[in-house]
Amino acid sequence: MSRIAVIDYDKCNPDKCGHFLCERVCPVNRMGGEAIIIDEENYRPIIQEASCTGCGICVHKCPFGAITIVNLPEQLDEDCVHRYGINAFVLYRLPVVKDGMVVGILGPNGTGKTTAVKILSGQLIPNLCGDNEEWDNVIKTFRGNELQNYFERLKNGEIKPVVKPQYVDLIPKAVKGKVRDLLKRADESGRLDEVARELELENILDRDIRQLSGGELQRVAIAAALLRDAHFYFFDEPSSYLDIRQRLRIAKTIRKLADSGKAVLTVEHDLAILDYMSDIIHVVYGKPGAYGIFSQPKSTRNGINEFLRGYLRDENVRFRPFEISFTKKSERKSQEGEILVQYPSLVKEYENGSFRLEAEGGELYVGEVVGIVGPNGIGKTTFVKMLAGVEKPTEGEVDWSLTVSYKPQYIKTDYEGTVFDLLSKIDAAKLMSNFYKTELLNPLGIPELYDRQVNELSGGELQRVAITACLLRDADLYLLDEPSAHLDVEQRLAVSKAIRSLMAKNEKTALIVEHDVMMVDYLSDRLIVFEGEPGKHGRALPPMGMRDGMNRFLANIGITFRRDPDTGRPRANKEGSVKDREQKEMGEYYYT
Ligand code: ADP
Ligand code: ADP
Ligand code: SF4
Ligand code: SF4
C-alpha cells in the first residue's frame, strides 16, 4: 500500500487547536521522528508521507477534521496524474476521449472531474504527481494508452476544446448584450438557426442576457458550445434548471453532436439523463477534497448499476459501504391523516393577461411530501404563492394563514458573513440540537461549512446551505424549488431523506418542485401535476397518488420508463421501442 496525507488548509487553524495539536500527538514525532513538520513561513503543518505510519491519531485529534490519511494500492502510484501540491488533492487516471462518442462521468463533487477536464482541454499540464511541466512527458507516460494520441494532438494545437461551464448563473456577470449577439459570436459552424430551433431559443434571441431565467441561460450556454466548431466538447451538468422535456431534448442534441463524429464528455447527476445520453461512462470515486480515481470505461448500464451498488466489479473495489436501492415505492399509502389545508379551486390571471393559471381544489395532509411536476413557466411558483397568501387569486379565496418557508430555484449570494452566522440567525437552538444534527445538518455536510464565507461557496455548497436555511425556519408549509440543482447523486438522496424525515417527525408538509425523475420518486408521497402551455396557460390537478401522478405527468411528455432488473432504477425507454409502445398502450408510463 502507499499512503497519501491530505490537509485541508481552509479548515486547519493552528491557533485554535492549541498550537499544532497534530504535531504534538503524532507518535512518530514523539519518538523523535518527523512525520509532521511545521512550515513556519506559511504557519501550517506538513505531513511527510514517507515517515507517517498511517496510525490515524492526528486525523481523530484535529478538532477541525482537516486531515485525511488514506492507504491506496501501490500500483495506483503509476496512474497518478496530478497533485495540486504537498498534502493536496490527488487525481488518479483520466477518462477516455473518443471521436463519435458521448462519455459520461458519474461521481461525487470534489473528486477531480473539473481537474480532469482542465487537463483534457489543455488548460492544465498534469504534473504527474511530481514536478513535470511538459506535454512530452505526459505523452510518454500515456504511451500505449488511448489518450497518447489525444495528448499528441493537444500538444500540437490540433485539438480545439469547448467547455459548457457548470454554473450558468454566472454568465450574465461575464457577458453583456443580447442573446443573438452572443450566439452569433460563437457561431463558427453556421448553424445558429438550426440550434436555436432545437433548443427552443427563438423567442428569446432578442432578449438581454441579464433578463434570462436559469433554464434559459442553461440552454443559451449549451447552444453557444454546440455552435463552435471544435474537436472536444465538454458539458458540465447540462440539465440544471431544465424541465424533463428540455433535459431529454438537450440529451438528444448532445448525442447528435457525437453522431456527427465529435468527442463529447459530460458530467451529469440526473441519472436518467446520463443514462439516456452516454455511450460509455466512467465512475469517479475517492474522498471529496482528498483524492479521486477514474474507473475503467464501462457500459452505461453497468457503470450506473455499479455506482449505485458502491462496488466496481472489474476493479474489485468497494467505494461505498452501502447500496443505493430503488425499492418499489409506487404505491406509497397516501396519508389519510390530519388535513393541513383544504384549498378551493383558484384562478390567477396576471394583469397584462399574458398568463392564466387554473388550479383545481385539493387538500394537503400534515406530514406528507408532495412533489410538484410539470414544465417550466407553467405556474408552479404562482400556485404556491397563492397558497402562501403572497399572491392574491383572481378567482377563489385564500382565507387561511399558513406560514411558508421558501427556497427559490435561483439562490442569491450577497450575504456577508459565515455560514454559521447565517444559520444561527435563523435558529441557533436548532443548530445545537441533536435531532437537527442527525436528521439534517450532518447528512448535508453543513458543519464543515460553518466557517466559510457564504459569498465564497460553490453552487453545490450554497444549495445545501439554502436548503438547510429553509428547513430550519418554523413554518407550516415548506416549499423547495429544485433542491437537486448542482448536487451530486449522494447529496440528492441525503436531501430527499432529510426532507422526508423532518416532515414526518415534525408533522409538517413540504411541496417540492423537482425535475429529476429519480428524486421525484424517492421523495414524494403524492404528486401535483401541472399541464398546459408554458408561458400562456397552466392547469394544476389535485394532488394524486404516485402511480396516477407519474402516468399523467409522463404521458404529457410522451416518455416511458422501465425498471432496471438489477437495481430497480428508472431507465427511459427509447421512443418507439417495443417496451415504449407496450407501456403506452397499457397507460403505464413509470411503475411497470
Ligand atoms: P469536481 O469537479 O469533481 O467537483 P475538482 O476537480 O473541481 O472536483 O476539484 C477536486 C479537488 O481539487 C477539490 O476538492 C479542491 O480541493 C482541489 N483543487 C482544485 N483546484 C485546486 C487548486 N488550484 N489548488 C489546490 N487544490 C485544488
Ligand atoms: P413555474 O414556476 O412553473 O416556472 P411561474 O409560476 O413562475 O412558473 O410563471 C408562470 C408564468 O407566469 C410565466 O410565463 C411567467 O413569466 C408569468 N409570471 C410570473 N409572475 C408574473 C408576474 N408577477 N407578472 C406577470 N407575469 C408573471
Ligand atoms: Fe491543528 Fe488540525 Fe491544523 Fe493540525 S491540522 S494544526 S491539529 S487545526
Ligand atoms: Fe503521525 Fe499517525 Fe498522523 Fe501519520 S497518521 S502523521 S503517524 S499521527
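Gly460 counts as buried because it has 21 C-beta neighbours inside 10 Å, and 20 or more is enough for that label. Keep in mind that this is a predicted model. Gly460 sits in helix H17, and its contacts beyond the neighbours within four places in sequence are Asn109, His486 and Leu487. From there the tour goes on to two residues with positive phi, a strand with several partners, another covered helix and two ligand shells.

**Helix H17 and Gly460**
- H17 covers residues 459–472, and 13 of its 14 residues are buried.
- How far apart are the end C-alpha atoms of H17? They are 20 Å apart, which agrees with the 20 Å that 14 residues should span at 1.5 Å a residue.
- For a longer-range reference, take Gly460 and Arg245: the pair is 215 residues apart in sequence, with 23 Å from C-alpha to C-alpha.

**Positive phi outside glycine**
- As background, most residues other than glycine have a negative phi.
- His486, one of the contacts of Gly460, has a positive phi near 70 degrees.
- You'll find His486 in the loop between strand E22 (477–481) and helix H18 (489–506).
- Is His486 buried or exposed? His486 is buried, since 23 other C-beta atoms lie within 10 Å and the cut-off is 20 or more.
- Asn87 isn't a glycine either, yet its phi is positive at about 55 degrees.
- Asn87 belongs to the loop between strand E5 (80–83) and strand E6 (90–92).
- With 25 other C-beta atoms within 10 Å, Asn87 is buried too.

**Strand E11 and its partners**
- E11 runs over residues 280–287, and six of its eight residues are buried.
- Strand E7 (residues 102–106) pairs with E11 in the parallel sense, over four bridges; here Ile105 has His282 of E11 as its bridge partner.
- Strand E12 (residues 291–294) is antiparallel to E11, again with four bridges, and Val284 stands opposite Phe294 of E12.
- The hairpin of E11 and E12 has three residues between the strands, and Gly289 in this hairpin takes a positive phi near 85 degrees.
- Strand E13 (residues 298–299) also pairs with E11 in the antiparallel sense, through two bridges; Ile280 faces Ser299 of E13 there.

**Helix H14**
- H14 spans residues 380–387 and is mostly covered, with seven of its eight residues buried.
- Which residues of H14 are buried? They are Lys380, Thr381, Thr382, Phe383, Val384, Met386 and Leu387, so a lysine is on the list.
- After H14 comes Gly389, which has a positive phi near 80 degrees.

**Ligand shells**
- Ligand 3 is surrounded by 13 residues, and Cys12, Cys17, Leu21, Cys22 and Cys62 are the closest.
- What is the make-up of the shell around ligand 3, in nonpolar, polar and charged residues? The split is twelve nonpolar, one polar and no charged.
- Around ligand 4 there are 13 residues, of which Cys26, Ala35, Cys52, Cys55 and Cys58 come nearest.
- The shell of ligand 4 breaks down into ten nonpolar, three polar and no charged residues.
- If you're wondering about the cysteines in these shells, they go in the nonpolar class.

Key: Residues numbered from 1 in each chain as written. Chains lettered and ligands numbered in written order. Predicted model: local features only at pLDDT ≥ 70, side-chain atom pairs only at ≥ 80, totals over all residues. Buried ≥ 20, exposed ≤ 12 C-beta atoms within 10 Å, placed from the backbone. Near = placed C-beta within 6 Å. Pairing = 2+ DSSP bridges. Expected span 1.5 Å × (residues − 1). Contact = placed C-beta atoms within 7 Å.
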